[in-house]
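Work through the two exercises below with the sequence and the coordinates open. Each task is followed by its solution in steps.

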Amino acid sequence: MLEPDPKVVRELLTRYAALRIAQAERARPATARELADVSYTLCVMTATTSIHDAVAKADALLLAKGQAPDAVRAADPDGESGLSLAV
């Protein structure tokens, strides 16, 4: 199975999070359609059927390609947990 490009996955996760925030602030049909498109794309790229599974798998992929979770926590000066904010 092909593995998605981490840069593209990161861009999709960022877009997904931004659209979720925008939709929560003010629901609009255009934003809902774009959110559905990004969600579908994330699901296809991660071979999952739910957006929650897609985000979790995308996060795991990015961690595997980048830093280990302990290194992420140690490198974060704000003491954040390193958990995804996308869902």
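Contact here means heavy atoms within 4.5 Å. Helices are DSSP runs of H or I with at least four residues, numbered from the N terminus. The model is predicted, so local features need pLDDT of at least 70 and side-chain atom pairs count only at pLDDT 80 or more, while totals for chains, interfaces and linings use all residues. Residues are numbered from 1 along each chain as its sequence is written, and side-chain values use heavy atoms, with hydrogens and water left out.

**Exercise 1.** Determine which residues of α1 and α3 meet, and at what angle the two helices pack.

Step 1. From α1, the residues Pro 6, Val 9, Arg 10, Leu 13 and Tyr 16 take part. Their partners in α3 are Ile 51, Val 55, Ala 58, Asp 59, Leu 61, Leu 62 and Lys 65.

Step 2. The angle between α1 and α3 is about 135°, and their axes lie 10 Å apart. This makes α1 oblique to α3.

**Exercise 2.** Find which residues of α2 are buried (under 20% relative accessible area, 1.4 Å probe, protein chains only) and which are exposed (over 50%).

Step 1. Helix α2 covers residues 29-46, 18 residues in total.

Step 2. Thr 31, Leu 35, Val 38, Ser 39, Leu 42, Cys 43 and Thr 46 are buried in α2. Down the axis of α2 they fall within an arc of 140°, so they line one face of the helix.

Step 3. Among what covers these buried residues are α1 (6-25) and α3 (51-65).

Step 4. On the face of α2 turned away from its buried side, Pro 29, Arg 33, Asp 37, Tyr 40 and Val 44 are exposed.

Methods. Expected span 1.5 Å × (residues − 1). Arc of directions from axis to C-beta. Axes fitted to C-alpha atoms, helices over the stretch in contact; angles between N-to-C directions. Parallel < 35°, antiparallel > 145°, perpendicular 65-115°, else oblique.
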